[in-house]
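Good morning, and thank you for the time. I would ask you to keep the sequence and the structure in view while I speak.

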Amino acid sequence: MLSVFSVAVVASSAVWPNLCVDSGNAYNSTRCDAEGTCCSSPFSGSLQGCCPLPNAVCCPNNKYTCCPEGSTCETRTGTGFRQVSDCFKDGKNLTMADSVCKPGPQLEPSQTLKNVVVLGDSVSIGYTPVLAQHISDIALVQHTPWGGDGGAEETAYGLKCLKYFLHSPSGVPISPDVLMFNFGLHDGPLGNSTTPGQQGNTSVYPGQLSQIADAIKEALPSTKIVFALTTPMVCNLDSDYNVQYLNKRATEIMTDRNIEVVDFHTPIANECGPIPQASCFNQTNCFCPHCPGVGYNWLVNTTIEPFMRKLLQ
């Protein structure tokens with residue numbers, strides 16, 4: 001039976017109250033809930049997102065972060081999206097600035113096909129359009145959050161922004177037939193340092209991923225929920241050891257919650273050869289971490305599409 005995202009939910013009474021960007025479509029106009037504040041988000045599909053704080057101050061110094069009401073933003077280190085800011089009030093450092101949350105999936109759900117939502121980082125952003133094309137006969141596939149860069153980023157960002165990822169940009173709750181999600185690449189393998197909204201460290205991953213899994217199960221009781229193991233870091237053995245550790249912990253967490261796990265790491269590692277490898281599929285740094293074109297097509301053809309078609313039967 002197909003899931004139904006009620007068409008009536010686009011009524012003004014159902015969407016979030018704070019309008020950030022009016023797209024001309026009630027479903028995917030970017031809005032924030034009463035506890036959120038519209039702020040610039042350059043990697044958002046609408047260039048706007050929600051600071052998860054009421055009446056927040058949008059940091060003008062990097063346009064990716066925000067501070068509590070009545071405070072000011074001051075740069076600690078870095079530039080652009082890697083910039084870390086602190087929030088000051090009356091000369092006191094209150095807290096590290098929050099990252100602005102990107103909005104949820106853009107497209108209105110299909111009323112005739114199955115609905116699949118992929119929640120994850122830039123690797124999933126890369127393969128989602130390929131998957132969407134391959135199974136367009138049976139499903140509408142889209143990514144959350146809506147936007148670019150690292151997508152759902154690290155678990156700290158995912159946990160803080162999950163509410164937005166599980167709603168349309170305007171605040172309509174999603175209820176897809178399948179939600180496939182992943183966290184891991186931004187939780188150690190890219191450097192194991194903490195840059196809010198970009199990457200975290202391995203030590204906090206298990207606890208935060210557990211909370212995310214619990215929250216998704218609670219929010220989507222009628223949805224088939226699947227966790228996708230993180231793809232390998234083919235060119236770097238130390239980074240891939242980190243990936244394997246995170247995948248092991250993720251498998252334990254999902255098994256405890258009866259969430260199905262699909263393995264993307266093993267097929268790629270088997271195809272590319274013993275890690276480290278400088279190239280795969282005749283592409284330098286393929287799956288380290290990205291592999292657009294032939295790599296993503298291979299992954300969809302051999303692993304994701306067969307799995308998804310079986311799941312949607």
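I begin with the second largest cavity, to whose lining H1 gives the most, with 3 residues. This is a predicted model, and the space in that cavity comes to about 90 Å³. Its lining consists of Gly120, Asp121, Val123, Ser124, Tyr127, Asn182, Leu185, Ala228, Leu229, Thr230, Thr231 and Phe264. Sorted by class, these are 6 nonpolar, 5 polar and 1 charged residues. Across the whole structure, a search finds 4 cavities of 30 Å³ or more.

A word on confidence. The average pLDDT of the protein is 92, and 94% of the residues score at least 70. Residues 1-13 stay under 50, although the model has 27 contacts for them beyond four places in sequence. Where pLDDT is low, the predicted coordinates should not be read in detail.

Tyr127, one of the residues lining that cavity, leads us to the nonpolar interior. Which residues touch the most other members of the largest nonpolar core? They are Tyr127, Met180, Phe287 and Met308, in a core of 36 residues. At least two residues of this core come from each of strand S11 (114-119), H1, S12, strand S13 (178-181), strand S14 (224-228), helix H5 (265-272) and helix H6 (294-311). H6 supplies the largest share, 8 residues. Apart from this core lies another, of 35 residues, with Trp16, Cys50, Leu220 and Leu229 among them. In soluble globular proteins, nonpolar side chains tend to be buried together.

Beyond its neighbours within four places in sequence, Tyr127 is in contact with Val118, Met180, Phe264, Tyr296, Leu299, Val300 and Ile304.

Asp121, also in the cavity lining, is in contact with His186. His186 sits in the loop between S13 and helix H3 (205-219). Is His186 buried or exposed? Its relative accessibility is 6%, so His186 counts as buried. Leaving aside neighbours within four places in sequence, the contacts of His186 also include Gly150, Glu153, Glu154, Gln198, Gln199 and Gly200.

Within helix H3 we find Ser210. Ser210 is buried because its relative accessible area, 15%, is under the 20% cut-off. Not counting residues up to four places away in sequence, Ser210 touches Ile253 and Arg257.

I turn next to an open site, the second largest pocket, which holds about 180 Å³ of space. Helix H1 (122-134) and strand S12 (139-144) are the elements that give two or more residues to its lining. The lining residues are Gln106, Leu107, Ile125, Thr128, Pro129, Val141, Gln142, His143, Pro145, Trp146 and Gly147. By class, the lining has 6 nonpolar and 5 polar residues, and no charged ones.

Pro145, from that lining, also brings us to the backbone. Most residues other than glycine have a negative phi, and most peptide bonds are trans. Thr144 and Pro145 are joined by a cis peptide bond, with omega about 0°. Pro145 lies in the loop between S12 and helix H2 (155-165). Another cis peptide bond joins Ile275 and Pro276, with omega about 10°, and Pro276 is in the loop between H5 and strand S16 (279-280).

Two positive phi values complete the account. Leu47 has a phi near 70° and lies in the loop between strand S3 (37-40) and strand S4 (48-51); at 52% relative accessibility, Leu47 counts as exposed. Asn285 has a phi near 60° and is found in the loop between strand S17 (283-284) and H6. At 41% relative accessibility, Asn285 counts as partly exposed.

Methods. Residues numbered from 1 in each chain as written. Predicted model: local features only at pLDDT ≥ 70, side-chain atom pairs only at ≥ 80, totals over all residues. Heavy atoms only, no water. pLDDT = per-residue confidence, 0-100. Contact = heavy atoms within 4.5 Å. 1 Å grid on protein atoms, 1.4 Å probe; cavity = no way out; pocket = protein on both sides within 12 Å on 5 of 7 lines; lining within 4 Å. Points joined across faces, edges and corners; volume = space filled by probe spheres on them. Helix = DSSP H or I, 4+ residues; strand = E, 2+ residues; numbered from the N terminus. Nonpolar A, V, L, I, M, F, W, Y, C, P; charged D, E, K, R; others polar. Core = buried A, V, L, I, M, F, W, Y, C linked by side-chain atoms within 4.5 Å. Buried < 20%, exposed > 50% of the residue type's maximum accessible area, 1.4 Å probe, protein only.
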